[in-house]
Amino acid sequence: MSAKMYRSQARVIAGVAGGLAEHLGIKVGLVRAILVGASFFYGAGLVFYAWLWLLVPLAGEDKVSGGKLLDTDGNPRLKLFRPAPGAPAVSVPAVPRPKLSLGFKEVLIGGGLLIAAVVLMSQQLGLNLNLGTLIPLFAIAIGAVLAWMQLDNTRRVGLLSAAKMDTPSALWRLGGGIALVIVGVIVIVTGSGSWTLVWASVVASLAVLAGVGLVLAPWGLKFWRDFQGERAGRIREMERAEIAAHLHDSVLQTLALIQKSANSPSDVTRLARAQERELREWIYQDGTHSTGALVERVKAVCAEVEDLYGQAVEVVTVGDAELTERSHALVQAVREAVLNGARHGATTVSVYVEAGPAGVDVFVKDRGPGFDVSAVPADRLGVRESVVGRMQRNGGSAEIISSADGTEVRLHLPSETTATEETK
Amino acid sequence: MTMPPTPIRVVIVDDHAIFRSGLKADLAQDILVLAEAATVEDAIAAVNATLPDVVLLDVHLPGGRGQGGREVIAGCTAQLATTKFLALSVSDSAEDVVSVIRAGARGYVTKSISGAEISDAVRRVAGGDAVFSPRLAGFVLDAFGTAEVAVEDELDKLSARELEVMRLIARGYSYKEVAKALFISIKTVETHVSAVLRKLQLSSRHELTRWAADRRLL
């Protein structure tokens, strides 16, 4: 049960029954039955339905304030922040409208039959209703319903988007609605007089309408443009506010911290590096590229080391793999290797991860002075245990190549299936 | 690397004045800055007027149709034979990197690299070679896949040797180190890298297209 009521998107006429059912937590069918039933009591159900239609917003209609904002090209808002990427190819995803269980035609026929029944019944009960007034009234009602349905349809994609009006069915519906209303009004006004009179008044009113339309069209167009401009401006304003809020929470705070620790270069580097990483992640987050768990973990441990030593750790990854218990050990070994590189190498550490079907390879390279691998005393746990030993225990291998140009740690972890084949 | 007899003439295109002056100060003695530009229009005008050897080009630029560095390259197609473009950006997102390479840039480096490294990259690009950062090599491996192919000249796949070179660059090796590790000359490494660059620019391989489409590059 939602706090605020919305009309349902999966609608037959205007989604009132669906929305009401969702709001009250009862079945749609029951709501519909009650509404139809209530219609027999002086049309109470119909009035209630119309009232809700007018006052209750369609679900998703006022999402603009909180949901995902789209710019005019239909791209997610952060695209605005980066001007260079390729031509916008993503279009606004059309809100899928579920196939109606009841056809529009059937509803129309059913409604007509229902009203005819009401009229017949009321005449039998002694109420004398004039068919000459009822039929035009009915025509006006149908016309209005058609026009309003059309408006609902377009409001969903941002009120009467010009493109939407191109679809023939929408045009037909709007035109049909208007025609019905006009005919109904004329018939009422002329009091179902002679056809010649009707014809004359039709021509007259069409002429008036055309004239008024001609006068109002530019004004309407201007109004529409203003509205669009204002809407775009509001969205941009909101975007700006969100970016400002983010920058305040992150960058400004970091800058303040940097000023405070200006006399400690290592702190400044560390802060700047951490902030850069965070900001990068925020701006360039690659939503479409799903990052599996392993790469994410490797990046996380590298970031941790970077924070610890203020030494840049560049991570390049190709492919990704699931994070299993064995690859968890690999991540720990990578952490140890990167830690060593940052501590002893004192230069930028390059990490390359390649995950494929055969297994995962990780290379950790620094450009430090290097060390003699065989000369490391046996009691030094660092490299021997946490890198080489850990890899071997988990069915992988580790190799350390060190020279005066730097040190490279090569880790290989075969995938589960490859590993079992090898042991056989 | 031998010093060219004449200085390499470059144009710096970046919208941040502080960065431009910093870069100018960082560049080596044998690199001569002819002009600077801050917008797409200025950049196209400056390049066409001075005909430099190398353009150091920021990917994100104001002006034009909002396409940044790619638009500058597109506006200088007449000079593309003599003028080489080296893309320079703080961004290391796949879309920025690959799109500017496919537009015709001969290399891509991030702004955080040192003055010596950037001077080296400028010389390399001026000499007709390609400059790949570890990250760009990573993107190439990601896009082309890591399975090797026997045919040397297939546009859609990397040969075994190219794959090895790309892997080593992704691991943070310099060209010299790659050459040493593979027992080949630096010139051969450069040839392989240029071949990969050509494939990256020309390939219409299905996977690459899909990979790019996933990242909204096309």
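Chain B of this predicted model has 10 helices and 5 strands, where helices (H or I, at least four residues) and strands (E, at least two) are DSSP runs, numbered from the N terminus. The model is predicted, so to speak, with conditions attached: local features need pLDDT of at least 70, side-chain atom pairs count only at pLDDT 80 or more, and totals for chains, interfaces and linings use all residues. Residues are numbered from 1 along each chain as its sequence is written, while chains are lettered from A and ligands numbered from 1 in the order in which they are written.

Of the 218 residues of chain B, 49% count as buried; a residue is buried if 20 or more other C-beta atoms lie within 10 Å of its own, exposed if 12 or fewer, and partly exposed in between, with C-beta atoms placed from the backbone. Contacts in chain B can also be sorted by separation in sequence: among those between residues at least 6 apart, 62% join residues at least 24 apart. Here two residues are in contact if their C-beta atoms, placed from the backbone, lie within 7 Å.

The strands of chain B come next. An open sheet of 5 strands follows the order E2-E1-E3-E4-E5 in chain B, with parallel pairing; two strands pair if DSSP finds at least two bridges between them. At the edges stand strand E2 (31-37) and strand E5 (107-110) of chain B, each of which pairs on one side only. From one strand to the next, the twist averages 25 degrees. Angles such as this run from 0 to 180 degrees between N-to-C directions, and axes are lines fitted to C-alpha atoms, for helices over the stretch in contact. Within the sheet, strand E1 (residues 8-13) and strand E3 (residues 54-58) of chain B run parallel and are joined by 4 bridges, and B:Val13 stands opposite B:Leu57 in E3(B). Helices pack here too. Helix H1 (residues 17-26) of chain B lies across E1, E2 and E3 of chain B and runs at about 160 degrees to E1(B). Helix H5 (residues 115-126) of chain B packs on the sheet as well, touching E1, E2, E3, strand E4 (84-89) and E5 of chain B, and its direction makes about 150 degrees with that of E4(B).

Chain A offers another sheet to explore. This open sheet of 5 strands has the order E1-E2-E3-E5-E4 in chain A, with mixed pairing. Strand E1 (313-318) and strand E4 (397-403) of chain A stand at its edges, each with a single partner strand, so one side of each is left without a neighbour in the sheet. E4(A) and strand E5 (residues 406-414) of chain A run antiparallel and are joined by 7 bridges, and a hairpin connects E4(A) to E5(A) through 2 residues. Along this pair, A:Ser397 stands opposite A:His412, and A:Ala398 has A:Leu411 as its bridge partner in E5(A). E5(A) also pairs with E3(A) in the antiparallel sense, over 8 bridges; there, A:Lys365 has A:Glu408 of E5(A) as its bridge partner.

Finally, two helices of chain A meet. The axes of helix H1 (residues 16-24) and helix H2 (residues 28-39) of chain A come within 8 Å and cross at roughly 120 degrees. The contact is made by A:Ala17, A:Gly18, A:Leu20 and A:Ala21 of H1(A) together with A:Val28, A:Val31, A:Arg32 and A:Leu35 of H2(A).
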